[in-house]
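User: Please explain the terms used for the model shown below. For each, I should like to see the value set against its criterion.

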Amino acid sequence: MKITFYGHASLGIQVNDIHILVDPFISANPKASCIDINSLKADYILVTHAHQDHIVDVEAIAKRTGSLVISNFEIVSYYEKLGIEGHPMNHGGKWNFEFGSVKYVNAIHTSSFPDGTYGGQPGGFVIEGEHKNIYIAGDTALTYDMKLIPLQTKLDLVVLPVGDNFTMGIDDAILASDFVDCDKILGYHFDTFGYIEIDHEAAKQKFFEKDKDLMLLEIGEFIEL
Ligand code: NI
Ligand code: MN
């Protein structure tokens, strides 16, 4: 499993020859100007919630690639009206796709489209694929519900927001990694706007002191599990 950081909360996940995009917000992110959305491959697009900074490129990429949008019922219904195919889910539900299983899990946040359309309740994704399991938390506060995840899934990586203000910050992300029983953390949702700028070295040091590894990738950089 290869995971590429496209800035903010945008990820590319490759499982064998299948390409999955998560929360594409690239063309409107000046920090991600090195990434051309027209060159991104996508068989599937996962959307955690409907906020602008998670969906801005969904329509263009889905229409170009014919990818399937996987999200909650309200978000998938929104895109179906635009002629985009989707797979609707809701919290606690799991489905087996060709790359592995996806479970839509709780997040504590809000979710509305830029035009005010209701975006359902926000969520995160637990993905079990190719013998590697990851949890992408989406925009969320620290929540006790995270403790449910390791009861069923041994995680190889947890992707957590670390920018604070709109989501959990560093200290709560450390607790979240305890809750999900995973010490390998990919941080996201930081530095994009003034409200969520972080001190990278201080953040890594805080995780290090708890015997945890916080990775903060450059935009376009990837890791392999
Ligand atoms: Ni949000
Ligand atoms: Mn966000």
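Analyst: Helices (H or I, at least four residues) and strands (E, at least two) are DSSP runs, numbered from the N terminus. On that numbering, α5 is followed by aspartate 181, whose phi is positive, near 60°. This is a predicted model: local features need pLDDT of at least 70, side-chain atom pairs count only at pLDDT 80 or more, and totals for chains, interfaces and linings use all residues. Residues are numbered from 1 along each chain as its sequence is written, chains are lettered from A and ligands numbered from 1 in the order in which they are written, and side-chain values use heavy atoms, with hydrogens and water left out.

User: What makes Asp53, His54, Asp139 and His189 donors of the manganese ion (ligand 2)?

Analyst: Donors are N, O and S atoms within 2.8 Å of the metal (3.2 Å for Na, K and Ca); water is not among the atoms, so the site may look incomplete. Asp53 (OD), His54 (NE2), Asp139 (OD) and His189 (NE2) lie 2.1 to 2.2 Å from the ion, and therefore they qualify. Their spacing in sequence is D-H-x84-D-x49-H. Aspartate 53 belongs to helix α1 (residues 52-55) and aspartate 139 to the loop between β10 (132-136) and α4 (149-152), so the pair, 86 residues apart, links distant parts of the chain.

User: Which residue bridges the manganese ion (ligand 2) and the nickel ion (ligand 1)?

Analyst: Aspartate 139 does so, and the two ions lie 3.1 Å apart.

User: Why is histidine 189 called buried?

Analyst: Buried means under 20% relative accessible area, exposed over 50%, and partly exposed in between (1.4 Å probe, protein chains only). Histidine 189 is at 1% and therefore counts as buried. This residue sits in the loop between β12 (184-188) and α6, with a positive phi near 60° although it is not glycine. Histidine 8, in the loop between β1 (2-5) and β2 (11-15), is also buried because its relative accessibility is 2%; its phi is positive too, near 50°.

User: How do you know that threonine 48 and aspartate 23 make a polar contact?

Analyst: A polar contact is a pair of N or O atoms within 3.5 Å; within protein, one must be able to donate a hydrogen and the other to accept it, and residues adjacent in sequence count only if both atoms are side-chain atoms. The side chains of threonine 48 and aspartate 23 are joined at 2.7 Å, so the distance criterion is met. Threonine 48 lies in the loop between β4 (44-46) and α1, and it counts as buried because its relative accessibility is 0%.

User: What makes a set of residues a nonpolar core?

Analyst: The members are buried Ala, Val, Leu, Ile, Met, Phe, Trp, Tyr and Cys residues joined through side-chain atoms within 4.5 Å. The largest has 55 residues, and Ile13, Phe99 and Tyr135 have the most contacts inside it. Helix α5 (residues 170-179) gives the most to this core, with five residues. Another core, of 21 residues, lies apart from it and includes Ile26, Ala50, Val58 and Ala62.

User: Which elements do the buried residues of α5 pack against?

Analyst: Contact means heavy atoms within 4.5 Å, and the partners are α4, β11 (157-161), β12 and α6. The buried residues of α5 are Ile170, Ala173, Ile174, Ala176, Ser177 and Phe179.
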